[in-house]
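Please look over the model shown here before reading on. The paragraphs that follow go from a few chosen residues to the chain as a whole.

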Amino acid sequence: MAGGETQWPAPAKLNLFLHVTGRRPDGYHELQTLFQLIDLSDTVSLTVTDEGRIERPAGPAGVDPDSDLTVRAAKALQAATGCRAGASIRIAKRIPMGGGLGGGSSDAATVLLALNHLWGCGLPIDELARLGLPLGADVPVFVRGSSAWAEGVGERLEPVELPERWYVVIHPGVAVPTRDVFQSPELTRNTPVITIRAFFGPEGSSGSRNDCEPVVSARYPEVADALSWLGNFAPARLTGTGSCIFAAFGSAIDAERVAARAPDRWRSFVAQGLNESPVHALLRAAAV
């Protein structure tokens, strides 16, 4: 089964809004959000081996291979299927860590999808999403591979087709730990539940927001500064628990003009919204 190295994209996401609607007895939060996939991607390189070992010789700095979500994803797939093949995993990071863009979760989802194909496991998408959920609440949306309305802890997903948009995304140079935000006593946890129909209605999205934004802005002045600056050009919002912020534009040219004006102390880039993950497009092509 051993073969040469193959490369697979792992796209980032934006939370177009994020409402915290309650807290469960197990401590997890009930959420409503709208995931927008974007074309900013990490690259996951996989080499199938016969030895059965899962190795990650190259990956994000400061992340121990044994605790890396990609390694854990590969081992979970092995355990679920009894596959005796192994893999060498290399991760080339472009998605900022601790930025709320879902890079680690997307890397893990890409490993599940690609190794399911390369190892010939044949698990359906529902089963792969189930395997991915314990790795992170965002993993299922990347496994399913489409922009989606999400509820629960983020695992109840309904695919949606979103209009074509380009996004200016700014990383203000700080990493925000998700756990700290959700444990914050200042976090709003009682936002009223809304329906998809109401949200996509004439005025439905006007009252949406990111409930984590006030907490993160208060704790990280760099995030507050970036929100204020980008808000001069278009409505700006935090994605996830941060630290990245974004604004939507109707054309790539408009987005590029704004991104080019961003202060040098921040990393800025333009990303196009996607309704389908490029991983799924590759898997379809491989199946032909």
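Two residues are said to be in contact when they have heavy atoms within 4.5 Å. This is a predicted model, in which local features need pLDDT of at least 70 and side-chain atom pairs count only at pLDDT 80 or more, while totals for chains, interfaces and linings use all residues. Residues are numbered from 1 along each chain as its sequence is written, and side-chain values use heavy atoms, with hydrogens and water left out.

A good place to begin is Thr 70, which is found in helix α1, made of residues 69–81; helices (H or I, at least four residues) and strands (E, at least two) are DSSP runs numbered from the N terminus. Leaving aside neighbours within four places in sequence, Thr 70 is in contact with Arg 56, Ile 89, Ile 91, Asp 107, Ala 108 and Val 111. Thr 70 counts as buried because its relative accessibility is 1%, where buried means under 20% relative accessible area, exposed over 50%, and partly exposed in between, with a 1.4 Å probe and protein chains only. The side chain of Thr 70 also makes a polar contact of 2.7 Å with the side chain of Asp 68. Such a contact is a pair of N or O atoms within 3.5 Å; within protein, one must be able to donate a hydrogen and the other to accept it, and residues adjacent in sequence count only if both atoms are side-chain atoms.

From Thr 70 the path leads to one of its contacts, Ile 89, which is found in strand β4, residues 86–92. Ile 89 has a relative accessible area of 0% and is therefore buried. Not counting residues up to four places away in sequence, Ile 89 touches a set of residues that includes Val 44, Leu 46, Ile 54, Pro 57, Val 71, Ala 74 and Val 111. Between the C-alpha atoms of Ile 89 and Ala 114, which are 25 residues apart along the chain, the separation is 11 Å.

Helix α2, residues 103–118, holds Thr 110, which at 1% relative accessibility counts as buried. The side chain of Thr 110 reaches the backbone oxygen of Pro 9 at 2.9 Å. Pro 9 also appears among the residues in contact with Thr 110 once neighbours within four places in sequence are left aside, together with Trp 8, Ala 10, Val 44, Leu 115 and Val 279.

What is the setting of Glu 155, and is this residue buried or partly exposed? Glu 155 is found in the loop between β5 (148–152) and β6 (156–159), and it counts as partly exposed because its relative accessibility is 26%. A polar atom of the Glu 155 side chain lies 2.8 Å from the backbone nitrogen of Val 153. The C-alpha atom of Glu 155 is separated by 9.9 Å from that of Gly 132, 23 residues apart along the chain.

Another loop, between β8 (236–238) and β9 (245–249), is the place of Ser 243. A cis peptide bond, with omega about 20°, joins Gly 242 and Ser 243. Most peptide bonds are trans.

Turning to the whole, the chain has 10 helices and 10 strands, and buried residues make up 52% of its 288 residues. Among contacts between residues at least 6 apart in sequence, 76% join residues at least 24 apart. The C-alpha trace spans about 55 × 45 × 35 Å along its principal axes.
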